Amino acid sequence: MLTGELKNKVDSLWEIFWTGGLTNPLDVIEQMTYLMFVHDLDTTDKLRAKESAMLGLPFESRFAGNVQIGDREIDGQQLKWSVFHDFDAGRMYTVMQEWVFPFIKNLGSGKDSAYSKYMSDAIFKIPTPLMLSRIVDSMDKMYELMEKNPDDNKGDLYEYLLNKLSQSGINGQFRPPAISSR
């Protein structure tokens, strides 16, 4: 169960999206989910590196060395949440839009993987650097709270987001298309 403090953080994050111009609840949840994935990819990579070191097993980070993104080679470390979250808003936005997002769209075992097929239509919709910076800062605070209570916060968080989605429909935030009288 999410604490009231964590719900407040999620609501504040939702407000950042809303005031920044992303008012479709489906878009908000989609963008939050992508960003959570990027954060968790970094966290999981660090955890696996530590476990491998403790067990004396080989490990190659997804972020090791240079990563090919389109026709460019990028230092993989630049793609880590723990690195780019400290960048100024403009640089963070460029890194996210031009490097991180294309990187996550092409993860998996090739273009025919289930993951690649799912992500192929994904679009980065956060419109401004300042908005992205505020979202990343807010998500960092949200994750700090989640780490204090290591229960199944993510499952509860997604349930809370889906609840907000259902409330949006009740509150009229989904508007039906105009029906033509033709």
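**Exercise 1.** In this predicted model, helix α2 (residues 25-55) and helix α4 (residues 89-105) pack with their axes 11 Å apart. Work out how the two helices are oriented to each other, and which residues meet.

*Solution.* Start with the angle: α2 and α4 cross at about 80 degrees. Angles of 65 to 115 degrees count as roughly perpendicular, so α2 and α4 are roughly perpendicular to each other. Next, look at who meets whom: α2 brings Y34, L35, F37, V38 and L41, while α4 brings M96, V100, F101, F103 and I104. Now sort them by class: the contact has ten nonpolar residues, with no polar and no charged ones.

**Exercise 2.** Do the same for helix α1 (residues 4-19) and helix α6 (residues 129-148).

*Solution.* Here the angle is about 170 degrees and the axes lie 10 Å apart. Anything over 145 degrees counts as roughly antiparallel, so that's the label for α1 and α6. On the α1 side, the contact is made by E5, L6, K9, V10, L13, I16, F17 and T19. On the α6 side you'll find M131, R134, I135, S138, M139, K141, M142, L145 and M146. By class, this contact splits into eleven nonpolar, two polar and four charged residues.

**Exercise 3.** Is V67 buried or exposed, and what does V67 touch?

*Solution.* First, place the residue: V67 sits in strand β1 (residues 66-69). The relative accessible area of V67 is 10%. The cut-off for buried is under 20%, so V67 is buried. Leaving out residues up to four places away in sequence, V67 touches R62, R72, E73, I74, G76, L79 and F103. As for Q78, its C-alpha is 9.8 Å from that of V67, with the two positions eleven residues apart in sequence numbering.

Note on methods:
Residues numbered from 1 in each chain as written. Predicted model: local features only at pLDDT ≥ 70, side-chain atom pairs only at ≥ 80, totals over all residues. Heavy atoms only, no water. Axes fitted to C-alpha atoms, helices over the stretch in contact; angles between N-to-C directions. Helix = DSSP H or I, 4+ residues; strand = E, 2+ residues; numbered from the N terminus. Parallel < 35°, antiparallel > 145°, perpendicular 65-115°, else oblique. Contact = heavy atoms within 4.5 Å. Nonpolar A, V, L, I, M, F, W, Y, C, P; charged D, E, K, R; others polar. Buried < 20%, exposed > 50% of the residue type's maximum accessible area, 1.4 Å probe, protein only.
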